[in-house]
Amino acid sequence: MFEVIWENLRTKNPLVHCITNYVTVNDCANILLACGGSPIMADDAAEVEDITSICSGLNINIGTLNVGTVESMGKAGKRANKLGHPVVLDPVGVGASALRTRTTFDLLEQIQFTVIRGNSSEIKTVAQGSGTTKGVDANIMDATTDDNLDKVILYAKALSQKTGAVIAITGAIDIVADSNKAYVIRNGHPMMSKITGTGCMLSAVIAAACAANPEHVLDATATAVCAMGLCGEAAYQKVLETNGGTATFRVALIDAMSQLDGKTLERGANIESR
Amino acid sequence: MFEVIWENLRTKNPLVHCITNYVTVNDCANILLACGGSPIMADDAAEVEDITSICSGLNINIGTLNVGTVESMGKAGKRANKLGHPVVLDPVGVGASALRTRTTFDLLEQIQFTVIRGNSSEIKTVAQGSGTTKGVDANIMDATTDDNLDKVILYAKALSQKTGAVIAITGAIDIVADSNKAYVIRNGHPMMSKITGTGCMLSAVIAAACAANPEHVLDATATAVCAMGLCGEAAYQKVLETNGGTATFRVALIDAMSQLDGKTLERGANIESR
Amino acid sequence: MFEVIWENLRTKNPLVHCITNYVTVNDCANILLACGGSPIMADDAAEVEDITSICSGLNINIGTLNVGTVESMGKAGKRANKLGHPVVLDPVGVGASALRTRTTFDLLEQIQFTVIRGNSSEIKTVAQGSGTTKGVDANIMDATTDDNLDKVILYAKALSQKTGAVIAITGAIDIVADSNKAYVIRNGHPMMSKITGTGCMLSAVIAAACAANPEHVLDATATAVCAMGLCGEAAYQKVLETNGGTATFRVALIDAMSQLDGKTLERGANIESR
C-alpha cells in the first residue's frame, strides 16, 4: 500500500500551496521537491485564492502567523475546501499565545481540514477547541509512550471523529488515526528534535502525499510519517559515519528524502495498525 | 571577457540590495557572498530608498510579494534608476496569480530594468505585459529546445528591444539577449530544478555581476548564467562522488560558487553567440 | 568559569524568544538548538508579550525590521524587562537607514538591554544615540586592532556604563565589556564573514547563554563569543580537510556548535581579561 502511495507522489508531482512560517520555509520547499512534490509559497490575502486554485493541496502552518497571514489562511482554506483539495493544519505552538490558540480555533471552524498534525501538546490544545471532548482524557496526552498508547489511540480516534480530519500526533511514537483506524509508527530518531523544522517538513510532505492520493488520506499520512522517520534514521547513520553534528543531520535528512523509493519505504516502515 | 567580468565581481565586492522572497533569501545572501558580492536585504517602504542608495545594484524578486513589499519594490526601483544602479527583475510565478501579474506589469511601467530573468513561462507572461508583442510568437515559448532555438532568440531580442532590458530565459538551454546579440548557454544540470532557489540565486548573482560591470550588462549577465551552470555541474559531480541527495547538491552548489575563479569559468563556459 | 556556564546552557535548555530577520532566522533556530537552547520565533504585536512570557530570554535583531515588527520589539522588550529576562539587541545595519537608526535609538530608550552585540560600525552608531558620549572617541572605532585595542576597551566600558548593557564588539578581535571589566577574545576565522548570519547566530547564542546564567551575563556573553569563535575554527578545519567552500563551512559551524562541550571550550578559549 505504502509503496503505491509513494510512487503516486513521485509520479504525480503535486503542486502544494504552503502558507507557512519563515523559520523553516526553505526546508519545507526543499523537502517538498525531495519527496516528489513542487512547492509554492504565497501568503498575501490578495493572491492566496488564485494560488491555491492552481495547486492540488494546501499546507497551513501557523509558526510565525501575523494578522495578514491569518486572513490568508482562512481564505485559502475555504477555497481549497471548495475545490476538494486536501488541506493540512500544522498548529505550531498553539497554546503558547492567545493569538495562536484563537487562530487555530477559528481555522477549525471555517475550514474542513484533511489532516491535523502536531506534537502531543499541540494536539491536546486543538482538542480543547474542537467542541466537547467527551470521553477523551486530555490530561494523559503529555507524550505517547507504550504505557499510555491505548489511551492515546482512543483519543486520536475521538478527535478525528469530531474534526473529520486525520489526526497525526508525532513524537517518539507516532500515531496516525481516523475515527476507525489508527497506525502506530516507530520510525525516526531523537536527533530529529535537535534541528528546527522536522515537524513543519513532515506536514508539507503529508500535504503532498495526500494531494497525490486524495482517496487514501489516512494511508497517505501514515506513509509520509514513516517516510520522514526513515529519513531521520538514515540521516543519523550518516552522522555516525561522518562524526557529524546537527547540520550534517539536516542535510542528510533531506538527502534521504530525495533518495527514498517506495520499496525501501515499504521495507523500512515500522508500523502496526490498531 | 568573462574572466575579466568575474574578477571585477570578486574585486569590487558590490553591495546588492535584495527585495526578495523569504523562501530562498538565505540562499541568495550566501550565494552573493560566495560570488564576491555582499548582500543587504531590506523591504520596508520606510527604508528601501536609503538602503538602495548605499548599494550599487538592486535585485527585485516577487516570490512572496505582499502589499507592503510591492510598494517597496517600486520605491527602491525608481531610486536605483535615478542613481544609475543596475536593477534586476525576477518575476517569480508571474501568471500564477493576478497580483503577481499586475505587480510585474506595474513594475515594468515604473522602473527601467537592466535585466529580466525568468523561466520560459515567466518571460512569456512578462512579454504579454510589455506593450504589443508584434512579430513575437509567445506560444512557442514553453521550453527552449534545439528545435525552437532560433525562434526563442528572436523572441528574446524583440522583448529586449521593447523593455530596454537584457532578457535571460533560463532552463535546460539558457538564452541571454539584448536587442542585438544573444548568447546560448548550455551549462548546468537538471538537478538544479530539484532544489528551491537556483533561479533566485542566479538573479542575485546577475545583479552583483552587473553592479561590478555596469558598462557590460549583457556580458555580465551571460557570465553569471555560465557561472551558475558550472556550479551546478560541479555540484552534481560532488553528488556522484558522495552518493548524496538534493541537500548535498545545494551545499555543493554554493561551495562551487565560492571557489569559482575566472579562468575556470572562461574554460568551462559552454556558450555561443548569435 | 566558562565550562560551568556552558554546561548550565546545555542543562537548562532555555527557551529563547527571537524577533529576528527572515534572512538568517533558520540559522538562528538551528544554532540555538545546537548550543542547548530552544528557539521560538514570533513577531506579531498581538502575541509577542504572551510568547516572551513563557521564555527565559529575548533576542531582538533589526535585520529586516518593518513597521509591524518594530512595535513588537518594543512590546516584547518591555515585557521581558518586567519579567527580569535577559534581552539582547543586535542592531544589524544600524546607520544604513534612518529607520534602523531611529528604531535602535527608540529601543534603547524603551528597553533596558542586557547585552548589545554588533560590529564596530554598528556599535559606533549605537553609541551616538545613547546620550552624550563624553570621553569616548567614536572615530577610532573602525575595526579593533592591536594598535587601538586599549582605546576600544575604554570605549566599550564607557558605553556599557551609559547603557547598562554588556557591550560585545565582534570582529577579528572581539571585545566583551561591562563598565568594570573587559574580555579580549581572539578566537574565530575570517571565513565567518563569508557566510551570512554568523553575527545573528552569535547574538542568539548570547541570549541563550545569558538566559541560562542570568547572574553572570558578562561571562555568559564572553563564553558565547568564545564558543562561536571556536566553532568557526573547527569549521575551517573541516573546510581544509574536505576542500569545501562556504556552504560546507556553514554546515560545519553548526555541527561544531552541536558538539562543543564545556571542557573543549575552556581549553580552546583564547581570552584575556582587562
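A nonpolar core, as used here, is a set of buried Ala, Val, Leu, Ile, Met, Phe, Trp, Tyr and Cys residues joined through C-beta atoms within 7 Å. Keep that in mind for the stop at Val205. One caution before you start clicking: this is a predicted model.

**Stop 1: chain A on its own**

Hide everything except chain A and colour by secondary structure. You should be able to pick out 11 helices and 9 strands. Now show just the C-alpha atoms: along the principal axes, those of chain A fill a box of roughly 45 × 40 × 35 Å. How does the radius of gyration of chain A agree with that of a compact globule? Chain A comes out at 17 Å, and a compact globule with 274 residues would have a value near 19 Å, so the two agree.

Colour by burial next. Of the 274 residues in chain A, 65% are buried. If you draw a contact map, look far from the diagonal: among contacts between residues at least 6 apart in sequence, 71% join residues at least 24 apart.

**Stop 2: Val205 and the core**

Bring chains B and C back and select Val205 in each chain, plus Ala227(A). The largest nonpolar core has 312 residues, and Val205(A), Ala227(A), Val205(B) and Val205(C) are the ones that touch the most other members. As background, nonpolar side chains tend to be buried together in soluble globular proteins.

Zoom in on Val205(B). Setting aside residues within four places in sequence, its contacts are Ile31(B), Cys35(B), Ala224(B), Ala227(B) and Met228(B).

**Stop 3: from chain B to chain A**

Zoom out and show chains A and B as ribbons. Chain B superposes on chain A with an RMSD of 0.0 Å after a rotation of 120° and 0.0 Å of shift along the axis. The two copies are thus related as by a three-fold rotation axis. To find that axis in the viewer, select Tyr22(B): its C-alpha is the nearest to the axis in chain B, at 3.6 Å. The copies use different surfaces here, as 13% of the contact residues of chain B recur in chain A.

Now select the contact itself. How many residues of chain B are in contact with chain A? There are 23, and they meet 25 residues of chain A. On the chain B side, highlight helix H5 (98-110) and helix H10 (246-259), since each supplies at least two of the residues that touch chain A. H10(B) gives the largest share of that side, 4 residues. Colour the chain B side by residue class and you get 10 nonpolar, 11 polar and 2 charged.

**Stop 4: from chain C to chain B**

Swap chain A for chain C. A turn of 120° with a shift of 0.0 Å along the axis lays chain C on chain B, at an RMSD of 0.0 Å. Your marker in chain C is Tyr22(C), whose C-alpha is the nearest to the axis, 3.6 Å from it. Only 13% of the interface residues of chain C are also interface residues in chain B, so the copies meet through different surfaces.

For the contact, select 23 residues of chain C and 25 residues of chain B. On the chain C side, helix H5 (98-110) and helix H10 (246-259) each supply at least two residues, with H10(C) providing the largest share, 4 residues. By class, the chain C side has 10 nonpolar, 11 polar and 2 charged residues.

**Stop 5: three strands in chain C**

Stay in chain C and select strand S7 (residues 174-177). Which way do its side chains point? Asp174(C) and Val176(C) point one way, while Ile175(C) and Ala177(C) point the other way, and all are buried.

Add strand S6 (residues 166-169), which runs antiparallel to S7(C) and is joined to it by 3 bridges. One pair to click is Ile167(C) and its bridge partner Ala177(C). The hairpin from S6(C) to S7(C) goes through 4 residues.

Then add strand S8 (residues 182-185), which pairs with S7(C) in the antiparallel sense over 4 bridges. Here, Val176(C) has Tyr183(C) as its bridge partner. S7(C) and S8(C) form a hairpin as well, with 4 residues between them.

**Stop 6: Thr52 in chain C**

Finish at Thr52(C), in helix H3 (residues 48-53). Is Thr52(C) buried or exposed? Thr52(C) is buried, because 30 other C-beta atoms lie within 10 Å. Leaving out residues up to four places away in sequence, Thr52(C) touches His17(C), Leu58(C), Ala76(C), Arg79(C), Ala80(C) and His85(C). For a last distance label, try Thr52(C) to Lys82(C): 30 residues apart in sequence, and 11 Å from C-alpha to C-alpha.

Note on methods:
Residues numbered from 1 in each chain as written. Chains lettered and ligands numbered in written order. Predicted model: local features only at pLDDT ≥ 70, side-chain atom pairs only at ≥ 80, totals over all residues. Least-squares fit on C-alpha atoms with pLDDT ≥ 70 in both. Contact = placed C-beta atoms within 7 Å. Nonpolar A, V, L, I, M, F, W, Y, C, P; charged D, E, K, R; others polar. Buried ≥ 20, exposed ≤ 12 C-beta atoms within 10 Å, placed from the backbone. Pairing = 2+ DSSP bridges. Rg over C-alpha atoms; globule rule 2.2 N^0.38 Å.
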